[in-house]
Amino acid sequence: MSNAARPAALVAMWPDVFSTLFDDARLARLHALCEVRDDETTGDLDDPALAARLTEVEVLITSWGTPPLTAERLDRMPRLRAVFHCAGTVRSLVTDAVWERGIVVTTAAEANAIPVAEFTFASIVLAGKRAQVFARDPRAHRREWRTLLETTNLSNLGRRVGVVGFSRIGRRVVALLQQLDAVEVLVADPYADATAVTAAGARLVPLDELLPNIDVLSLHAPELPETKRMIGAAQLAALPDGATVINTARGSLLDTDALAAECASGRLDAILDVTDPEPLPVHSPLLDLPNVSITPHIAGSLGRETLRMTDAALDDLERFLNGEHPREAVRVADLGVSA
């Protein structure tokens with residue numbers, strides 16, 4: 001592609017995010033595809049100093065720190081044709097005005113699904129041995145190790161795992177679970193295709209059938225009005241004694257108070273990478289329960305993992321410039337059922 005053919009692009013994200021997402025090789029690739037200025041990396045599309053540049057911009061490269069693309073902001077970018085998002089969900093980025101203008105939007109959610117699924121699978125395996133519980137206070141268990149090891153409950157053989165949400169991440173978790181011997185995987189998702197779930201090695205069932213028949217509940221549903229606190233007191237009560245609840249999706253899917261009550265009783269364990277609110281208030285009982293493991297939203301792409309998202313966005317940018325359909329293009333209808 002000649003320099004004359006390169007469209008004007010703007011990198012709209014927090015500068016520290018840009019420095020993580022774009023190493024020298026990826027920055028060189030971006031420059032080869034677009035006319036872009038390094039000193040214009042910004043999370044402020046309302047900066048008056050950008051006014052002239054915005055009138056030329058045809059391509060936006062976005063990520064964490066990009067403000068919503070409102071009609072007012074889009075009016076200042078009359079030539080904008082496409083947005084390539086170097087992160088997961090675009091829910092907080094796109095508005096109706098984006099779709100009304102026919103602007104192409106892509107996501108790197110598939111790339112971001114990889115580390116989340118890996119983290120979830122590892123959590124499920126560790127939960128089979130209650131590793132997080134024992135590691136939290138090893139002094140408390142040092143005199144009872146032989147008794148602990150004699151229990152038949154500490155096992156990953158024949159695990160029964162319930163996956164709520166056959167999403168990008170949910171599909172990957174189901175695939176990774178096939179490594180476990182004699183694993184039984186149940187999936188609850190009103191939008192999933194039963195044939196696709198079966199082909200992945202799982203069985204599609206209603207949520208109320210899934211809950212009482214699993215050892216581990218792993219949440220992968222999107223954050224939507226209808227999924228808020230979808231796992232509440234009644235759903236948690238339906239889980240068998242000793243089950244583990246894992247949430248690497250969104251904290252709002254779980255009723256925090258109901259989960260705290262179940263875990264405080266000792267009936268359930270929990271592994272939470274996301275909470276509601278996030279972070280939890282200092283007085284939350286979940287912070288002190290020995291059978292609750294909480295990590296600070298680390299399952300998603302961090303460090304070098306973020307480079308996968310950059311590559312996904314640049315791949316779709318190259319396809320777009322070559323007149324091809326971007327592989328990870330988002331449709332407005334997708335936002336009603338996915339993150």
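**A tour from His 220 to the sheet and the cavities**

Begin by selecting His 220 in this predicted model, together with the residues that His 220 touches beyond four places away in sequence, namely Thr 120, Val 163, Val 164, Gly 165, Ser 167, Ile 169, Gly 170, Val 173, Thr 248 and Ala 249. With a relative accessible area of 4%, His 220 is buried, because the cut-off for that word is under 20%. If you follow the chain through this residue, you will find His 220 in the loop between strand 8 (216–219) and helix 12 (233–238). Add Ser 218 to the selection next, since the side chains of His 220 and Ser 218 are joined by a polar contact of 2.7 Å.

From strand 8, widen the view to the open sheet, in which seven strands run in the order 7-6-5-8-9-10-11 with parallel pairing. At the edges stand strand 7 (203–204) and strand 11, each with a single partner strand, so one side of each has no neighbour in the sheet. Now select strand 9, residues 244–247, and strand 10, which pair in the parallel sense over four bridges. Within this pair, display Ile 246 and its bridge partner in strand 10, Ile 271.

Keep Ile 271 on screen, for it is also one of the residues lining the largest cavity, which holds about 70 Å³ of space. The structure has two cavities of 30 Å³ or more. To outline the largest cavity, select Ala 127, Arg 130, Gln 132, Val 133, Thr 244, Asp 269, Ala 270, Ile 271, Pro 290, Asn 291, Val 292 and Ser 293. Helix 7 (131–136), strand 10 (269–272) and strand 11 (292–294) are the elements that give two or more residues to this lining, and the largest share, three residues, comes from strand 10. Coloured by class, the lining of the largest cavity shows six nonpolar, four polar and two charged residues.

Finish at the second largest cavity, where about 50 Å³ of space is found. Its lining can be displayed by selecting Gly 251, Leu 254, Thr 256, Leu 259, Leu 272, Val 274, Thr 275, Asp 276 and Leu 286. Colouring by class here gives five nonpolar, three polar and one charged residues.

Methods. Residues numbered from 1 in each chain as written. Predicted model: local features only at pLDDT ≥ 70, side-chain atom pairs only at ≥ 80, totals over all residues. Heavy atoms only, no water. Buried < 20%, exposed > 50% of the residue type's maximum accessible area, 1.4 Å probe, protein only. Polar contact = N/O pair within 3.5 Å; in protein donor to acceptor, adjacent residues only side chain to side chain. Contact = heavy atoms within 4.5 Å. 1 Å grid on protein atoms, 1.4 Å probe; cavity = no way out; pocket = protein on both sides within 12 Å on 5 of 7 lines; lining within 4 Å. Points joined across faces, edges and corners; volume = space filled by probe spheres on them. Nonpolar A, V, L, I, M, F, W, Y, C, P; charged D, E, K, R; others polar. Pairing = 2+ DSSP bridges.
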